[in-house]
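Please look through the sequence and the structure shown below before reading on. The briefing that follows takes up a pair of helices, then some charged side chains, and then a single residue.

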Amino acid sequence: MNEHIQLMIDWIEDHLKNEFSLDKLSNYMGYSPYYCSFKFHQVTGISIRRYVLLRRLYLSTKDLANDRKIIDIAFDYEYSSQEAYSRAFKAIFGINPREFQLHQMPVQSFVKLTINIEEECCRMNISRKKEVEQLQNEKNELFDKDVLNILNGQVMYEEFKDKKLMGDSDYVPFNEAMCVNATTKQVFNEEFIKTRALGHHVSLEDYSKKVIDPLDNLFNKEYKCIVLWFGEDMFCQMNLLTILAYLEQWGYDGKVFLNSFREDEFKVSQTELKLGNFFSVYNEVLVNHERPSNELLPVMYQAIDIYLDLLKENNAVVKYISKNKDLPTSELMNRLFDLFPTIGYGDSQYLELINRNR
């Protein structure tokens, strides 16, 4: 079945700039339109039309970055008008195409699906060391001694430490998973620590040792600049939102840069951020589970959409687990990693969901 779904994906990719026809796809596959739709959704966790929509819009960001005319891009991807394309673009990315073209903000990647778990080991592995060294050559001032780099997680911290990638700067890990469990209005205070420790089922001492103590430099030293290294998936973006909320809560007035990247292809997109609304967004989204009232970077806007959707009882991941609950846990988990890369969950989050829905 995976081979058949991959054939569907390959056909869709070859026809992304043509009017989509489920009938033509089903004729190519030799199955009924219903069967193609049902099996595609069952295996990938996403509908065919949603896949086409997201792939077209993601590919269109490349054209926008190359300064192509928006109306030409709209017609290339089979939109009836520039207005129709702009509405669809804003619904997914939170800004209109012209704003994106002017400011070149990071977005979540939506790359072609590969439904072949056996080929996982053959995926491209781009050297983080080479990419960071290139950044250092371009902006050496962001690796000075009065700069703090905050990295998403202990694994990234240990890798950067072992390879001595951070120059003269200080660097610390943020070892949290803010996309799960309750949180509090204030960040990193006593109530926050108690609430997060309770959610993770660990002692206050263990939580502080893992999450709070490594951030000592953030709490006790002054820096002219803070550089935040966070992936574009939802998991990382909710961690990023928490750090940004803390910087506003603290009253930090230095420069802030975001180094955003995709985990499977370490290509960094660097953006200077302006503080001002992140604390309120943190409370709206992570505390109150509401949509934000302020405009955000597209990559964070997309992540918040995913986060709020995952709070629903019968979300896409839960549906996929329910339909495939007879699979061995390891295989099911591998499929979830492959099919939902924009979520960014780790083993523990997926294992909890699997156990809860079997």
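At what angle do helix H13 and helix H14 pack, and how far apart are their axes? In this predicted model, helix H13, which covers residues 234-250, packs against helix H14, which covers residues 278-287, at an angle of about 135°, and their axes are 7 Å apart. The points below begin with this pair.

**Packing of H13 and H14**

- Two packed helices are described by the angle between their axes together with the distance between those axes.
- With an angle of about 135° between them, H13 is oblique to H14, because angles over 145 degrees would be needed to count as roughly antiparallel, and 65 to 115 as roughly perpendicular.
- The crossing in which H13 passes H14 is left-handed.
- On the H13 side, the contact is made by Met-238, Leu-241, Thr-242, Leu-244, Ala-245, Glu-248 and Gln-249, while H14 contributes Phe-278, Phe-279, Val-281, Tyr-282, Val-285 and Leu-286.
- Sorted by character, the residues in the contact of H13 with H14 comprise 10 nonpolar, 2 polar and 1 charged.

**Salt bridges**

- The structure contains 19 salt bridges, and a few of them are described here.
- One of them joins the side chains of Glu-190 and Lys-194, with a distance of 3.3 Å from N to O.
- Glu-190 and Lys-194 are separated by about one helical turn, because they stand 4 residues apart in helix H10, which spans residues 190-200.
- Glu-190 is exposed, with a relative accessible area of 56%, whereas Lys-194, at 45% relative accessibility, counts as partly exposed.
- Another salt bridge links the side chains of Glu-159 and Lys-163 at 3.4 Å from N to O, and Lys-163 is partly exposed, with a relative accessible area of 36%.
- Lys-312 forms a salt bridge with Asp-309, in which the closest N and O atoms are 3.5 Å apart; Lys-312 counts as exposed at 51% relative accessibility, and Asp-309 as partly exposed at 30%.
- Elsewhere, Lys-17, Asp-63, Arg-68 and Asp-76 are joined into one network by salt bridges that share partners.

**Arg-49 and its surroundings**

- Arg-49 lies in helix H4, which covers residues 48-65, and this residue is exposed, with a relative accessible area of 55%.
- If its neighbours within four places in sequence are left aside, Arg-49 is in contact with Phe-20 and Leu-22.
- Arg-49 and Asn-137 are 88 residues apart in sequence, and their C-alpha atoms are 43 Å apart in space.

Note on methods
Residues are numbered from 1 along each chain as its sequence is written. This is a predicted model: local features need pLDDT of at least 70, side-chain atom pairs count only at pLDDT 80 or more; totals for chains, interfaces and linings use all residues. Side-chain values use heavy atoms; hydrogens and water are left out. A salt bridge is a side-chain nitrogen of Lys or Arg within 4 Å of a carboxyl oxygen of Asp or Glu. Buried means under 20% relative accessible area, exposed over 50%, partly exposed in between (1.4 Å probe, protein chains only). Helices (H or I, at least four residues) and strands (E, at least two) are DSSP runs, numbered from the N terminus. Contact means heavy atoms within 4.5 Å. Axes are lines fitted to C-alpha atoms, for helices over the stretch in contact, and angles run from 0 to 180 degrees between N-to-C directions. Angles under 35 degrees count as roughly parallel, over 145 as roughly antiparallel, 65 to 115 as roughly perpendicular and the rest as oblique. A crossing is left-handed if the near helix is turned anticlockwise from the far one by less than a right angle, and right-handed if clockwise. Ala, Val, Leu, Ile, Met, Phe, Trp, Tyr, Cys and Pro count as nonpolar, Asp, Glu, Lys and Arg as charged, and the others, Gly among them, as polar.
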